[in-house]
Amino acid sequence: MNFDHIGLLGIGSYVPERVMTNADWSELVDTTDEWIIERTGIRERRYSSDDQTTTDFGEYAGKAALADAGLEAVDIDELIIATDTPEMFFPDSASFIQHRLGMGEIPAYDLAGSGCAGFIQALDVARSRAACGDKKVLVMGIELASKFFDWEDRNTCILFGDGAGAAVVGPVEADAAANHPSILSLKTGTDGSRADILSRIAGGTRMPFSMDVAKKGLHKLTRMDGREIFKEAVKHMCAASTEVMEMAGVSSEEVKLFVPHQANMRIIHSVAKHLGAPEEKVFINVDRYGNTGSASVPIALCEARDMGVVESGDLVLCTAFGAGFHWGAALLRL
Ligand code: UT7
């Protein structure tokens, strides 16, 4: 299939107002600002208000991406929501967001459970759907992690933040110099043998919800082997990034900006080192937002563009890794 004419028509993001600093966390659990900064690079993160939900975040980020693309909700042909923190167990968040945005009766569905790699996976699907029917697809990564992590578990609670990012994927007008926006290459992968390493184990068929589950807090994020995830994240983000550059015949010198998933400053530095990317070419905002899961890559991409770090025509390499394990990389021309 020819993807040359498929690119990002617009991007948008949303982060909530409520700021939670490391000092705030140190009053709730046995941790310190120094430990969190040294091990993760995170200084603060944003949390939703009590009454905000996945649909609200989808509305804000979706409207921003539509405005950026110069489109209305009714112009969109398909909606894909990547989230592990849905509005409810079913129906999916896409149903609620489709209605909230006032879209037509278009196909709308969630890609759930892919953790932090969700947006790149959704981008992969969106690219194919856009190419096979000249469709405009609105794709989002949305997480309200603060509603699901264990507020007493210092191993996990300090890592995550809430946010949403969105992109409109669709056909672009090709120009003779081939400088039009494009998804030049994209690669995703999964290693299901590691599925238990990062999980919220209860609430599904293996362990249906019960009073016991509630008492033990098993419906929250309960399992995370941080060290193992660290190693695997570096390995797979590096391999996927190298592969997409090779697929497109692009060298790392030609890439204007690397936008890795923002999980941990040390993971980002490790990936950059392996790829030979100098510090100034690697976008970092994990210090301000923590790990926003599937929203992390599109939020970072939006910030980089809004700050003028990248502009139309620039090559940007996005990569992510998450629960599953799932991973992916996408080489974009803005
Ligand atoms: O996107 C997927 C989501 N998950 C991730 O991305 C996680 C990736 N992994 C990481 O970011 C890092 O592995 C962590 C930040 C989670 C942990 O850093 P680390 O350098 O791998 O620390 P560690 O696991 O080796 O733990 C060191 C110590 C432990 O104490 P002991 O057993 O050595 O006495 C932990 O109990 O640090 C302790 N610890 C804390 N101490 C203070 C764990 N969390 C905290 C905390 N404050 N918040």
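**A two-domain model and its four-stranded sheet**

In strand β12, the residue that L257 has as its bridge partner is V316. That pairing belongs to a predicted model, so treat this briefing as a guided walk through computed features. The protein is divided into domain 1, covering 6-178, and domain 2, covering 182-333. Below you will find the sheet, the helix that crosses it, the meeting of the domains, and the salt bridges.

**The sheet around L257 and V316**

- β11 and β12 (residues 315-322) run parallel to each other and pair over 4 bridges.
- These two strands belong to an open sheet of 4 strands, in the order β8-β13-β12-β11, and the pairing in this sheet is mixed.
- At the edges sit β8 (182-190) and β11 (257-260), each of which pairs on one side only.
- From one strand to the next, the twist averages 10 degrees.
- As a general reminder, strands of a sheet pair through backbone hydrogen bonds, in either a parallel or an antiparallel sense.

**The helix across the sheet**

- Helix α5 (residues 118-133) lies across three strands: β8, β12 and β13 (326-333).
- Relative to β8, helix α5 runs at about 125 degrees.

**Where the two domains meet**

- The C-alpha centres of domain 1 and domain 2 are 13 Å apart.
- On the domain 1 side, 52 residues are in contact with 45 residues of domain 2.
- About 3700 Å² of area is buried between the two domains, and carbon and sulfur atoms give 63% of that area.
- How many salt bridges does the rule find across the interface of domain 1 and domain 2? It finds 1.
- Between the domains there are also 16 residue pairs in polar contact, counting pairs with both residues at pLDDT 80 or more.
- Several elements give two or more residues to the side of domain 1 that touches domain 2, among them β1 (6-14), α2 (33-40), β4 (78-83) and β7 (163-171). Helix α5, which lies across β8, β12 and β13, is another of these elements.

**Salt bridges to look up**

- The structure holds 18 salt bridges.
- R100 pairs with E59 in one salt bridge, with the closest N and O atoms 2.7 Å apart. This pair links distant parts of the chain, 41 residues apart: R100 is in helix α4 (residues 93-101), while E59 is in helix α3 (residues 54-69).
- R305 forms a salt bridge with D68, and here the closest N and O atoms are 3.0 Å apart.

Terms used:
Residues numbered from 1 in each chain as written. Predicted model: local features only at pLDDT ≥ 70, side-chain atom pairs only at ≥ 80, totals over all residues. Heavy atoms only, no water. Pairing = 2+ DSSP bridges. Axes fitted to C-alpha atoms, helices over the stretch in contact; angles between N-to-C directions. Contact = heavy atoms within 4.5 Å. Domains from an automatic or database assignment. Buried area = accessible area lost by both parts, 1.4 Å probe. Salt bridge = Lys/Arg side-chain N within 4 Å of Asp/Glu carboxyl O. Polar contact = N/O pair within 3.5 Å; in protein donor to acceptor, adjacent residues only side chain to side chain.
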